[in-house]
Amino acid sequence: MQAFFTQMGEKAFRTSQVLKWIYQVGVHNFDEMTNLSKALRTRLKESAELKVPEMVREQISKDGTCKWLFQLDGGNCIETVLIPEKERGTLCISSQVGCALDCSFCCTAQQGFNRNLTVSEIIGQVWWVYHHLNSERGKIRPITNVVLMGMGEPLLNLNNVVSAMNLMMDDLCFGLSKRRITLSTAGVVPALDRFTEMSDVSLAISLHATTDEIRDTLVPINKKYPLESLMAACKRYITKLPGRSITFEYVMINGVNDLPEHARQLVKLLRGIPSKINLIPFNPFPGTDYICSTPEAIEQFRQILMAAGFITMTRKPRGEDIDAACGQLAGQVKDRTKRNTVTIAS
Ligand code: SAH
């Protein structure tokens, strides 16, 4: 934006003025930016656009979870979820229209892949919810955390995701701390290394299995980047950011990956990596053959991990009545055929 203003022959401080209007005040019309001259406002209207996400459906769960459907171009839609808790409000945002990774237990995968979201479409989800909540002040918890755990694989849209996360952290915008933003990935190893160089937000890995054989069927990108290479990349992240830990997500699927021996393998796999483990009860969706592990199996699994010294939480499903729970985000993908056209390599 600074380059944009310089090119217009304007002073650099216009950048902070405009950023504050957009992100902090929530203005989306140049005419309302009253500390800019009328002439500058006119020039801005001629050369720039403030495009606000179009919210087309709001659903509120009986547990307070909110889900919004945003309409993008050409019939594509994405979903964004707010999970209010006592101490925090976590916003779960999308990074792509659909997803190309085809994980067998994930509803978004069924939608196929259409395209990457732009920086404005990613930050726009935070912008919309932030100012929507401001207008309903007191009724819903404000955003304290952002997780890239909605639709899409954020590491396959790395540049746009990093730019949007930098805006979230900027004091002129939302001023969120790096520890309160979490990027979650299925493990695209070369992109994970680039992310480690580019950003220092928190990292979550969708692990879900302890052997390549099982992981290949659940998270097919594992065939390209097997567990050994993924764990090595995790160690490089920790080496770059000493003192931090990685959250490992592990979906609990009955009879597939939930046996006590899998928990013991997990202990071995994570040895040497400061880890937190999130067990996610599998959320079913139409057409899936998987079923969720029993509460007893999940608790037994958790106890083995806890006994080995790992902080292990079982994630409570939220927003089930509005299909807003983990892995249930469907959105609306117009052209689903593009899965094979993306380069998953790096
Ligand atoms: N592609 C990224 C971001 C999506 S995050 C990633 O894989 O991490 C979505 C999280 O929900 C991931 O941990 C994913 O594995 C999990 N998930 C997907 N489908 C699920 C389902 N049906 N039940 C429970 N968790 C699921």
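In this predicted model, 22 residues surround the ligand, and Phe-105, Ser-184, Ser-206, His-208 and Asn-283 come nearest. The shell around the ligand is mixed in character. Its residues comprise 12 nonpolar, eight polar and two charged. Several strands contribute to this shell. Strand 8 (181-185), strand 10 (246-252) and strand 11 (275-281) each provide at least two of its residues.

Polar contacts were examined next. Ser-184 places a polar side-chain atom 2.6 Å from an oxygen atom of the ligand. Ser-206 also contributes through its side chain: an N or O atom there lies 2.6 Å from a ligand oxygen atom. Thr-185 takes part through its backbone, where a polar atom is 3.3 Å from an oxygen atom of the ligand. On its own, the ligand has 540 Å² of accessible area, and the protein covers 95% of this.

Attention then turned to helix 7, which spans residues 189-198. Its buried residues are Val-189, Ala-191, Leu-192, Phe-195 and Thr-196. These residues lie on the same side of helix 7 because they cover an arc of only 155° around the axis. In an α-helix there are 3.6 residues a turn, so residues three or four places apart point the same way. The cover over the buried residues of helix 7 includes two helices, helix 6 (158-169) and helix 9 (227-240). Strand 8 and strand 9 (202-206) are also part of that cover. Strand 8 thus appears in both settings: it supplies residues of the shell around the ligand, and it helps to cover the buried residues of helix 7.

How values were computed
Residues numbered from 1 in each chain as written. Predicted model: local features only at pLDDT ≥ 70, side-chain atom pairs only at ≥ 80, totals over all residues. Heavy atoms only, no water. Near = heavy atom within 4 Å. Polar contact = N/O pair within 3.5 Å; in protein donor to acceptor, adjacent residues only side chain to side chain. Areas by Shrake-Rupley, 256 points an atom, 1.4 Å probe, with all protein chains shown as cover. Helix = DSSP H or I, 4+ residues; strand = E, 2+ residues; numbered from the N terminus. Nonpolar A, V, L, I, M, F, W, Y, C, P; charged D, E, K, R; others polar. Buried < 20%, exposed > 50% of the residue type's maximum accessible area, 1.4 Å probe, protein only. Arc of directions from axis to C-beta. Contact = heavy atoms within 4.5 Å.
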